[in-house]
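Hi,

As promised, here is the structure for you to look over. My notes follow just below it.

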Amino acid sequence: MKKILALLICIGAFALAFFLFSPPAKTNGTIEVIAEATTNQKMIDDTKKTATFFKQFLTEDMHIELTRDVKILICPTRESYTTVLQREIHLPKDNAIRQAKLSAGISNDKFHMVALNGAAEKMKTPQNSTSAIAHELFHQVQAQLSNDKNDKALYWLKEGTADFIGATVAEKSGYQSREQWKLDTINALRTAPSYASASEIMHIDLEEWTNLMEQDQSPYQMSDLMVCYLVSQQSNDKSYASIANYFRLVDQLDDGDKAFEQAFGLTVNQFLVNFQRWFLDTMNKPAQIEIIRKPEITPEVATDVEHSAALARQFFQNKWNSDLKASQRIVLTESKDAYTAAIAKEFNLSAEAATQKSKSSVWWGNNSTTVLDMSALSTKHQIIFATATIMMKRFELQVAPQKAMSTLCWLTNGSADVIAAHTVEMAGIYTLENYKASWLSSLRKTTVVPNLAELKTEQAWEDATTKYSISTISNLSALATASLIEKYGFESVYAWLEATKEYGDAEKAFQAVYGISANQFATDFKKSLTRQLK
Ligand SMILES: [Zn+2]
């Protein structure tokens with residue numbers, strides 16, 4: 001026993017001597033980018049560019065010098081990311097696998113290291129990867145400022161400020177504005193089936209945070225809005241200084257709550273009360289539709305778009321006792337070229353990708369912004385139809401996730417068309433019956449009419465556009481949906497959307513709501529359509 005004790009003291013003394021006599025390694029804030037095998041050169045170049053830009057932003061805007069050397073490890077696949085989390089950051093295997101499923105990157109304070117998951121969805125577009133890299137690098141800054149006592153800081157504030165700085169760096173790099181990012185975040189929570197509240201995440205640890213992520217409870221989005229609100233309450237020139245100060249105070253006071261009070265001038269509880277009030281107010285506001293038109297677009301056209309959006313929402317309210325929850329920006333362009341340029345700008349696409357998309361579309365959008373090519377819509381009823389289609393597509397995604405709906409594409413697309421036709425009827429131009437007659441007459445002119453069972457998945461729909469034509473499959477889907485609505489009412493479409501959310505599968509939801517399988521319906525419909533086409 002004595003021998004062991006002596007040995008331990010020996011090791012202790014040796015370690016102490018080593019600590020006392022080895023000079024601290026000199027660091028000067030170098031960010032080194034290291035790529036795992038098979039990483040493509042573009043990702044390496046982009047990461048280096050973002051790292052340089054981040055340091056510049058830190059110096060010029062935040063007045064902070066990075067003093068620690070940081071390594072960024074780029075992992076091109078989820079497997080290599082999992083391996084790096086184990087090998088370099090020493091996460092146990094289970095934990096590495098769990099984190100690799102959820103994260104686009106991880107920052108480790110102890111090893112001054114950032115690992116990036118090139119396979120994550122967030123790393124797929126330049127805008128998102130820029131903000132993701134800046135996010136992870138900002139965690140290193142937090143660790144530097146707090147003298148590695150970052151674990152004492154409020155977890156939501158660490159993540160929220162890292163996202164906030166990420167969005168700021170993305171904006172300064174020429175991507176989407178931070179204001180738009182904030183609106184997208186509000187929209188994401190407005191349309192989420194459920195999410196963690198601010199008080200739930202106020203004092204949370206990594207384990208609880210990870211659980212919330214796995215349960216799709218959007219803790220990042222909530223902390224992002226908490227930070228946006230917090231920053232909006234600081235005077236403009238002080239917001240970066242207060243954020244930096246918070247992490248310095250975490251070191252000095254050794255307490256995340258006390259540091260909050262000193263840095264931001266109110267207790268966490270006071271903040272929570274103020275934030276909740278603002279948040280409820282924001283969530284309860286009706287969605288705003290903002291129409292953005294170029295001078296070449298007449299005010300009348302913009303009014304038609306606005307009117308159609310209002311009519312579609314009136315339909316959601318009256319028939320389904322619901323409404324569009326996410327605010328929308330609708331950008332109207334005057335020519336194919338202007339349309340291509342606008343989708344490149346709004347969705348950060350390369351000129352080539354934008355040209356590809358614009359060739360076969362009249363509108364393109366994400367959940368908060370839609371760009372329309374008005375040169376392809378020459379009449380009032382076309383404008384109203386297209387706008388209402390967009391509104392219905394947004395509404396569908398608000399009720400059920402895309403993945404769940406993409407098992408029955410003909411009904412997803414068909415219901416958007418039928419509701420659009422109904423909206424034109426509400427506007428007093430054509431009736432739904434007029435549309436049905438025109439869909440039927442155009443199908444009469446085609447030689448081969450497909451079966452609905454061929455139009456289930458997104459891939460199948462895509463294939464059918466070349467095998468048949470987009471108008472044939474759209475008209476068929478619209479007619480089939482109209483026949484369902486005729487028999488079961490508009491209510492059944494909403495019931496189907498709700499069931500799709502519940503079952504996570506549009507086809508199963510169909511069976512539950514309509515009482516027959518989608519395949520059986522396809523067969524029955526084919527028979528009745530053949531009779532009508534004669
Ligand atoms: Zn983070």
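Please keep in mind that this is a predicted model. I'll start with a residue in a loop: H63 lies between α2 (41-60) and β2 (70-75). Its backbone caught my eye, since H63 has a phi near 55°, a positive value in a residue other than glycine. Is H63 buried or exposed? H63 is exposed, because 10 other C-beta atoms lie within 10 Å, and a residue counts as exposed at 12 or fewer.

N147 makes a second case. This residue sits in the loop that links α5 (126-145) to α6 (155-172), and N147 also has a positive phi, near 55°, without being a glycine. With 12 other C-beta atoms within 10 Å, N147 is therefore exposed.

The helix just before N147 is worth a look too, as the positive phi of about 55° comes just after α5. The 20 residues of α5 reach 28 Å from the first C-alpha to the last, close to the 28 Å expected at 1.5 Å a residue. How many of the residues of α5 are buried? The count is 17 of 20, so α5 is mostly covered, whereas N147 in the loop that follows is exposed.

Finally, the overall layout. The chain is divided into four parts: domain 1 (25-145), domain 2 (152-285), domain 3 (287-396) and domain 4 (400-534). Taken over C-alpha atoms, the centres of domain 1 and domain 4 are 46 Å apart.

Happy to talk it through whenever suits you.

Best wishes

How values were computed
Residues are numbered from 1 along each chain as its sequence is written. This is a predicted model: local features need pLDDT of at least 70, side-chain atom pairs count only at pLDDT 80 or more; totals for chains, interfaces and linings use all residues. Helices (H or I, at least four residues) and strands (E, at least two) are DSSP runs, numbered from the N terminus. The expected span of a helix is 1.5 Å times one less than its number of residues. Domain bounds come from an automatic or database domain assignment.
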